Amino acid sequence: MVDLRKLCPYIGGAIDQFTPPLNFELAGTKFEFVMDDGYDYILDFLDKDTLEWHWAGDAPKRAKYWCEKGDDTTYLVSFEHAGAAPRANHTFVIDRENNLVTRIIAKLGTNPKDEYLITPEYEFGVIRAEGQDIKPYPRHGFTGDLRGTVVQWAYGSEMATVHVYYCSNFYRITYPRDPAFSEEAKKMNEMFNNILKDLPSSDEPTRYIKIKDGLYLFSLTESNGERILGAKMGFRSNTMCFLQNYKREYLVGRSFGTSTTPEGDTHTHLMFGAYGKLIDPTDDEGLQKMLRDPNPYIV
């Protein structure tokens, strides 16, 4: 895997500058997830960076994992299948307060006409506990709670994006022209904004999942940009998960996919963090337009 920081210090170094230290609290813990798709799933955290995973009845497989915390009792876990072809990532939100779990399985290579496109699959379930009566409810679930919200997320001192959550299954993005940024960062943001102008709109498909009061999982897949711009954007069909804590105004997240660099394609899989700032779009015509414009990708 190519080190993105060496190829593009602004991108590689900035997006994870505010990432918290990895969390090791799950080491030595074993979970059985009773998933709503009918296939129970086992995660056994052997130590601070290695786990075993498998569907019930299958042989365990080992993987290196990363873990961050969204709040005091909620964990974001991400790992990639070692040596798997095509590549696949499993991401979990483990909610120990409510004994619930959300799983996203993201796969490359499922589209025969575009090898870069990623297909995410979402599933909900319960963490099995001794003596527990498994019920079909409640669960984490898809939500429209964030509709109409605009947030600026700062990933580092030189990296920020503005997310416009204008509907329940798409979002829009722009890169702020922050006067505090260096000239290099301003030029990079202007470059990204200019690239977005080559698209009908910055819309990308998303899922908004409510984990608990004030804590949401926002998941996006960069697919429209991939189909239209391909390598020009640099970030190919990456899928990104943002575990957003609106009570503490920060998030932890993970990115999985492919990037095209001057040295060629490289696999991406990293964790990141960001601090959030809610934006009132009332007096900003550009953001008002992003909130109200129709989605050109759908009829």
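**Figure 1. Strand E15 and its pairing partners in the predicted model.** Phe218 has Phe242 of strand E15 as its bridge partner. The coordinates shown here and in the following views belong to a predicted model. Strand E14, spanning residues 215–221, is paired with E15 in the antiparallel sense through 7 bridges. Strand E16 (residues 250–261) also pairs with E15 in the antiparallel sense, over 7 bridges. Within that second pairing, Asn245 has Tyr250 of E16 as its bridge partner. A hairpin is formed by E15 and E16, with 4 residues between the two strands. Glu249, located in the turn, has a positive phi of about 55 degrees.

**Figure 2. Burial of the residues of strand E15.** Strand E15 comprises residues 239–245 and is mostly covered, 7 of its 7 residues being buried. Thr239, Cys241, Leu243 and Asn245 point one way from the strand. Met240, Phe242 and Gln244 point the other way, and the residues of both groups are buried. Cys241 counts as buried because its relative accessibility is 0%, under the 20% limit.

**Figure 3. Cysteine residues and the absence of disulfides.** The structure holds 0 disulfides. Cys167 takes part in no disulfide, and its nearest cysteine sulfur, that of Cys241, lies 18 Å away. Cys241 is likewise in no disulfide; for this residue the nearest cysteine sulfur is that of Cys67, at 14 Å. Both separations can be set against the 2.5 Å within which two cysteine sulfur atoms count as a disulfide. Cys167 is classed as buried because its relative accessible area is 18%, which is under 20%.

**Figure 4. The closed barrel and the pairing of strands E1 and E8.** A closed barrel of 8 strands runs in the order E1-E2-E3-E4-E5-E6-E7-E8, with antiparallel pairing. From one strand to the next, the twist averages 30 degrees. Strand E1 (residues 30–35) is joined by 3 bridges to strand E8 (residues 118–127), and the two run antiparallel. Val34 has Val126 in E8 as its bridge partner.

**Figure 5. A nonpolar surface patch that includes Trp66.** Leu22, Phe24 and Trp66 make a nonpolar surface patch of about 260 Å². Trp66 belongs to strand E4, which covers residues 61–71. With a relative accessibility of 30%, Trp66 counts as partly exposed.

**Figure 6. Salt bridges Glu80–Arg87 and Lys107–Glu121.** A search of the whole structure finds 21 salt bridges. Side chains of opposite charge can pair when their charged atoms come close. Glu80 and Arg87 form one salt bridge, in which the closest N and O atoms are 2.6 Å apart. Glu80 and Arg87 are both buried. A further salt bridge joins Lys107 to Glu121, with the closest N and O atoms 3.9 Å apart. This pair links distant parts of the chain, Lys107 lying in strand E7 (residues 100–108) and Glu121 in strand E8, 14 residues apart. Lys107 is partly exposed at 32% relative accessibility, and Glu121 is partly exposed with a relative accessible area of 37%.

**Figure 7. The Arg172–Asp203 salt bridge and a salt-bridge network.** The side chains of Arg172 and Asp203 form a salt bridge with an N to O distance of 2.9 Å. Arg172 lies in strand E12 (residues 170–174), while Asp203 lies in the loop between helix H3 (183–196) and strand E13 (204–212), so the pair ties together parts that are 31 residues apart in sequence. Arg172 and Asp203 are both buried. Elsewhere, Asp71, Asp95, Glu97 and Lys212 are joined into one network by salt bridges that share partners.

**Figure 8. His267 in strand E17 and its separation from Leu287.** Strand E17 spans residues 264–278 and contains His267. His267 counts as partly exposed at 41% relative accessibility, because this value lies between the 20% and 50% limits. Leu287 is 20 residues from His267 in sequence, and the two are 33 Å apart in space, C-alpha to C-alpha.

Definitions and conventions: Residues numbered from 1 in each chain as written. Predicted model: local features only at pLDDT ≥ 70, side-chain atom pairs only at ≥ 80, totals over all residues. Heavy atoms only, no water. Pairing = 2+ DSSP bridges. Axes fitted to C-alpha atoms, helices over the stretch in contact; angles between N-to-C directions. Patch = residues over 30% accessible without salt bridge, like charges linked within 9 Å, V, L, I, M, F, W, Y side chains within 5 Å. Areas by Shrake-Rupley, 256 points an atom, 1.4 Å probe, with all protein chains shown as cover. Salt bridge = Lys/Arg side-chain N within 4 Å of Asp/Glu carboxyl O. Buried < 20%, exposed > 50% of the residue type's maximum accessible area, 1.4 Å probe, protein only.
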